[in-house]
Amino acid sequence: MAKGKGHILGSKPPIDPMEQLQATRTKVEYGTALKWNNRETRRDWQWVMASTLFIYGIVTWVPLLMFTGCIVFAIMLFTLSRSSAIVTTGDSYWRTVKECDHHITHKKNMIEVRGTGGLRHIGGLEMRNASSRLAGTLGRLLRAVETQHGLFVVIALKHEPHKILLETDVAASHIEDYLNSQSSSQVEEYVARRGGIWQTNVSIIGHVRDPESLRSIEASIRGAIPISGLKKANTKSLESRVKTLEAPPFYPAFYASGEELSDWLLQLSTELASEIGGNIPGEFVAPIRAGTIDYRLGVGINPETLKTGPVNGVCHSDLEEGLLVCGGKWAERFHVYSLIIKQLVEQDKRVLLLSSRPEAQELVSLHEQGIGFSLGHDFVMNPVDSEDVPRAAYVAQLKAALEVLAVDELSAASHLEAALGRAVALVGATLADVALPMENDPPDSSTDLQPTRGTLHGLDAIRTLHHGTGARAFYGTQTAQMSQLADLPLTIITVSAGSVPLDMFAWELFCIKLSAMLQDPDLVIILDEPASLIVNNPRYNKRLPHSQRIVSELCRRGPTIVSISHPSFIGRAADSFASCISLALRNSFDISMVSDLLGLSVLSGSMHSKARLSSRESSYLRTMSRGLILLVRGLSETCYPVTLDPQLEFEDVSMEEVQSRRDSLIGQPTVTIRKGEGDTLLDLVAGRKKDLAVRVLRLLERYEPLTEESVRRFISASGGAEEDVEAVLIQLEDASMILKGHESHSGVNYTNFRVTLKGSMALKQATGEVTA
């Protein structure tokens, strides 16, 4: 094998050096006495025996010579250790110097270090002893110290045998009495379950540029670790550590079990930023990072020192899953979502805001095409205009909404449901079209014509909307469809009808129509104090399932923000929101609900900790200052304290300009109809259901008379299973294009329909056989 004493460090060379050796330097050895470190063969045992006998003879006959040689060898080793050079790659090398490149001056309880980095002040504390309970956490300490200051924390641990508990005064008296009653193996098992016994030394050293900052570091240390055993570090010890660049030697200070130390040193890993590994204790990351955000709200703060940290806010996915803004006064909540709206319109998102406060109209100035409406003044909401909501579902929800005005349960009011269904089916119908069609019913069913109490109360509610105080807000053709408002970049609607029941009914109508819209991730709906979601009032406590369904449907449709002062008012509907922003709260029920939403539920440690031990957090929610919020996002388990950015300044908007935008929107057609050479009669009667009306008229011309069920089955057989045949029959009957009659078979009454001359002519006009 080739001879060589060097070692090759680094990656594998591209060419094997053994192949480049000259043949004259290569030889082959046979045997098992090879040295694999330098590929040499071992010397024969004869040489070893001869050398050993020679050395033995010298020691025996000339001992002074051997003693002198040992002294010389020791001197050589000492000299080499002081002046040896560590050879590295190239010509660079390490060498020792007599003096360090910085100057150290001793001050009271600290040292001043002058070097290449400028003047530094170094001081610290050492834990000489500890009480029976390790108070505080080192994690909280690292959060309390400002990030611009240097902090050096040394924790020295030395494992001790279990017998030390019985030999010294380490354990408390009651624990020592318990251990004395146990056998040695039981004591060992007891200690093992407690994580062992450890000698522990803790040194905490800070270095700052301003000597006054050492006081704040010391205060942070004593506040985070309230243990009386903390003493100031010796300045000579600090100087030695600076010069040698070494950790302090181990000085046993106190004993602690592994179970105690694990709670004292570490915190939960769920509080880490997303890019930090899960094996790092969460409390050792300060401040917590908020991750990716799309809409800035402010900056995070350290809850221990109230110092500001990184930028924080919400992302668009948080809005898509539902965002609840609760607590505080209306102006504070307005501040929160005004910051979000400003950034939404800048990113070409469309915003539809419904608020019960007229002050919300100031947001119109955030976009040059912003438009504002006020219910009852320049906006009419037609309750019998279902827009794109299926008629059967809309009638059921409308009847449930009328319960607020009727002050009665209307689930069994079948006559009212029939009247509402007939009015909703008509194109361009208003509240004046809601009536009981008693004269058209079979004469032998008079016993069924007696309206129930619920029906009468429901009709009284309709009259309130038609002739009473709600007429200016609900009677007439709707000013604009929800689909038209959703296409605008920014729309603000003030929902205030004059009384609490009318406001609740108005909010209910808006929620019904908005929740039925198609999914649109670019349309953000903001509901400010929606009265329809309030369920804590005993008068409306039966509406909880209805409120939960409305919130779920709104969140399913797309980005939704709901702002409310008292989160307990909406009950379990708050569980439908994935994200939450909380301002200051006063009510205990509100605090209890928000604590669960934020994942707090009264904390004793850091704001980001999960230890439920005291009511500190509830008091914090009560005393939060203006401009401070608590934010939890999506499925995150971390609650972020955030200081909001300053309030926006709104520009004055010309009322003439807003009115012109409003007039241009109102002038657009609200019903999409087909255009041919001109609007046909069926276009005006059936609107978007014109094609279905043509099929029904053709069917009646061929097979009249037909019952309603027969017409439905014919249409369903030809591929129209989802069509609302009943609505088309009501529209044609109201326009006198078909006649409604009755027939009796085997004692059973049936309603049938026949086509009239007007209907035949309208059919020919729609199919192009005749012109208008």
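1. In this predicted model, three strands make an open sheet in the order β23-β25-β24, and their pairing is antiparallel. The edges are formed by β23 (706-707) and β24 (738-745), each of which pairs on one side only. Between β24 and strand β25 (residues 748-755) the antiparallel pairing extends over eight bridges, and a reader who wants a single point of reference may take S744, whose bridge partner in β25 is N749. Helix α24 (residues 690-703) lies across β23, β24 and β25, and runs at about 105° to β25.

2. Another open sheet is built from eleven strands, with mixed pairing, in the order β13-β12-β22-β21-β20-β14-β19-β18-β15-β17-β16. At its edges stand β13 (308-314) and β16 (371-374), each pairing on one side only. Neighbouring strands of this sheet are turned against each other by 25° on average, when direction is ignored. Helix α20 (residues 588-598) packs on the sheet, where it touches β14 (323-326), β20 (579-582) and β21 (628-632), and the direction of the helix makes about 135° with that of β20.

3. The pairings of this eleven-strand sheet can be followed one by one, beginning with strand β12 (residues 295-301), which is mostly covered, since six of its seven residues are buried. On one hand, β12 pairs with β13 in the antiparallel sense over five bridges, and I301 has T308 in β13 as its bridge partner. On the other hand, β12 pairs with strand β22 (residues 640-644), again in the antiparallel sense, over three bridges, with T643 in β22 as the bridge partner of V299. Elsewhere in the order, strand β15 (residues 350-355) and strand β17 (residues 490-494) run parallel and are joined by five bridges, and there L354 stands opposite I493 of β17.

4. Which residues have the most contacts inside the largest nonpolar core? They are F474 and L485, in a core that has 89 residues. Helix α18 (residues 500-515) gives the most to this core, contributing ten residues. Leaving aside residues up to four places away in sequence, L485 touches L352, F373, F379, A480, T491, I493 and L665; I493, one of these contacts, is also the residue that L354 stands opposite in the pairing of β15 with β17. A second core, separate from the largest, has 34 residues and includes V314, L339, L363 and I561.

5. How many disulfides does the structure hold? The number is zero, and C580 shows one instance of how this comes about, because the closest cysteine sulfur to its own, that of C326, is 4.0 Å away, which is too far for a bond, the cut-off for a disulfide being 2.5 Å. C580 counts as buried, because its relative accessibility is 3%, under the limit of 20%. Another cysteine, C555, also counts as buried, in this case at 13% relative accessibility.

6. Two residues deserve a look for their backbone angles, because most residues other than glycine have a negative phi. D348 has a positive phi, near 65°, although this residue is not a glycine; its place is in the loop between α11 (330-346) and β15. Is D348 buried or exposed? D348 counts as exposed, because its relative accessible area is 67%, over the limit of 50%. V407, likewise not a glycine, has a positive phi of about 50° and is found in the loop between α13 (403-406) and α14 (414-425). V407 is exposed too, with a relative accessible area of 55%.

7. For the chain as a whole, the secondary structure comes to 27 helices and 25 strands. Of the 772 residues, 44% count as buried, while the accessible surface comes to about 41,700 Å², with 54% of that area belonging to carbon and sulfur atoms. Among the contacts with a separation of 6 or more, 71% are accounted for by residues 24 or more positions apart. One such link between parts of the chain is the pairing of β15 (residues 350-355) with β17 (residues 490-494).

Conventions: Residues are numbered from 1 along each chain as its sequence is written. This is a predicted model: local features need pLDDT of at least 70, side-chain atom pairs count only at pLDDT 80 or more; totals for chains, interfaces and linings use all residues. Side-chain values use heavy atoms; hydrogens and water are left out. Two strands pair if DSSP finds at least two bridges between them. Helices (H or I, at least four residues) and strands (E, at least two) are DSSP runs, numbered from the N terminus. Axes are lines fitted to C-alpha atoms, for helices over the stretch in contact, and angles run from 0 to 180 degrees between N-to-C directions. Contact means heavy atoms within 4.5 Å. Buried means under 20% relative accessible area, exposed over 50%, partly exposed in between (1.4 Å probe, protein chains only). Accessible areas come from the Shrake-Rupley method with a 1.4 Å probe; for residues, only the protein chains shown count as cover. A nonpolar core is a set of buried Ala, Val, Leu, Ile, Met, Phe, Trp, Tyr and Cys residues joined through side-chain atoms within 4.5 Å.
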